[in-house]
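Work through the exercises below with the model open. Try each task before reading its solution.

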Amino acid sequence: MPNFVKVASTEDLKPGTAMTVAVNGIDIALYNVGGKIFATDNTCLHQGGPLGEGILEGEVVTCPWHMWEYNVCTGEKIGNNSIKVTTFPVEVEGTDIKVGV
């Protein structure tokens, strides 16, 4: 069972945006997709680009380095679902965003 750690406030992550947080030494990208929060590893599997600095369009984030795209809900690379970034469970309590690690 994951340990949920408060990482941000919903006020910090507006719909359609992404950000990066550190949890127990792990860089995690947070995404707000229409008011629902998702979390993945921040590191693109191509060449290590920062996904939390990418462009979020709907459920898809585009890595700012080389344009690899991932579904933030599943972690799957668009066009090749055998490639997948790690996803993390998220809980929202009031305005607190918590990630399970």
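The exercises below concern a predicted model.

**Exercise 1. Surroundings of N71**

Task: Determine which strand holds N71, whether N71 is buried or exposed, and which residues N71 is in contact with beyond its neighbours within four places in sequence.

Solution.
- Step 1. Locate the residue. N71 belongs to strand β7, residues 69-71.
- Step 2. Check the accessibility. The relative accessible area of N71 is 15%. Buried means under 20%, so N71 is buried.
- Step 3. List the contacts. With neighbours within four places in sequence set aside, N71 touches E59, E76 and I78.
- Step 4. Look for polar contacts. The side chains of N71 and E59 are joined by one of 3.5 Å. A polar atom of the N71 side chain also lies 2.7 Å from the backbone nitrogen of C73.
- Step 5. Add a distance. T20 is 51 residues from N71 in sequence, and their C-alpha atoms are 17 Å apart in space.

**Exercise 2. The aromatic pair**

Task: Find how many aromatic pairs the structure holds. Then classify the geometry of W68 and Y70 as stacked, edge-to-face or tilted.

Solution.
- Step 1. Count. The structure holds one aromatic pair.
- Step 2. Read the geometry. The ring centres of W68 and Y70 are 6.5 Å apart, and the planes meet at 45 degrees.
- Step 3. Apply the cut-offs. Planes under 30 degrees apart count as stacked and those over 60 as edge-to-face. The angle for W68 and Y70 is 45 degrees, so the pair is tilted.
- Step 4. Check the accessibility of each partner. Y70 is buried at 1% relative accessible area. W68 is partly exposed at 21%.
- Step 5. Look for a charge over a ring. The charged end of K77 sits over the W68 ring, 4.7 Å from the ring centre.

**Exercise 3. The hairpin at K77**

Task: Which residue in β9 is the bridge partner of K77, and how many residues lie between β8 and β9?

Solution.
- Step 1. Place the strands. β8 covers residues 76-77 and β9 covers residues 80-84. They run antiparallel and are joined by two bridges.
- Step 2. Find the partner. K77 is bridged to N80 in β9.
- Step 3. Describe the turn. β8 and β9 form a hairpin with two residues between them. G79 in the turn has a positive phi of about 95 degrees.

**Exercise 4. Two open sheets**

Task: Give the strand order of the three-strand sheet and of the four-strand sheet. Name the edge strands of each.

Solution.
- Step 1. Take the sheet of three strands. This open sheet has the order β1-β12-β11, with antiparallel pairing.
- Step 2. Find its edges. β1 (4-9) and β11 (90-93) each have a single partner strand, so one side of each is left without a neighbour in the sheet.
- Step 3. Add the twist. Neighbouring strands of this sheet are turned by 30 degrees against each other on average, direction ignored.
- Step 4. Inspect one pairing. β11 and β12 (residues 96-100) are antiparallel over four bridges. V92 stands opposite I97 in β12.
- Step 5. Turn to the sheet of four strands. This open sheet has the order β2-β3-β4-β10, again with antiparallel pairing.
- Step 6. Find its edges. β2 (18-23) and β10 (87-88) are the edge strands, each pairing on one side only.
- Step 7. Inspect one pairing. β4 (residues 36-41) and β10 pair antiparallel over two bridges. T40 has T87 as its bridge partner in β10.

**Exercise 5. Positive phi outside glycine**

Task: Where are N24 and M67 placed, and are they buried or exposed?

Solution.
- Step 1. Take N24. Its phi is positive, about 50 degrees, although N24 is not a glycine.
- Step 2. Place N24. The residue is in the loop between β2 and β3 (26-33). At 63% relative accessibility, N24 is exposed.
- Step 3. Take M67. Its phi is near 70 degrees, a positive value in a residue other than glycine.
- Step 4. Place M67. The residue is in the loop between β6 (60-62) and β7. At 52% relative accessible area, M67 is exposed.

Key. Residues are numbered from 1 along each chain as its sequence is written. This is a predicted model: local features need pLDDT of at least 70, side-chain atom pairs count only at pLDDT 80 or more; totals for chains, interfaces and linings use all residues. Side-chain values use heavy atoms; hydrogens and water are left out. Buried means under 20% relative accessible area, exposed over 50%, partly exposed in between (1.4 Å probe, protein chains only). A polar contact is a pair of N or O atoms within 3.5 Å; within protein, one must be able to donate a hydrogen and the other to accept it, and residues adjacent in sequence count only if both atoms are side-chain atoms. Contact means heavy atoms within 4.5 Å. Two strands pair if DSSP finds at least two bridges between them. Axes are lines fitted to C-alpha atoms, for helices over the stretch in contact, and angles run from 0 to 180 degrees between N-to-C directions. Rings of Phe, Tyr and Trp (its six-membered ring) pair if their centres lie within 6.5 Å; planes under 30 degrees apart count as stacked, over 60 as edge-to-face and the rest as tilted. A charge sits over a ring if NZ of Lys or CZ of Arg is within 6 Å of the ring centre and within 35 degrees of the ring normal.
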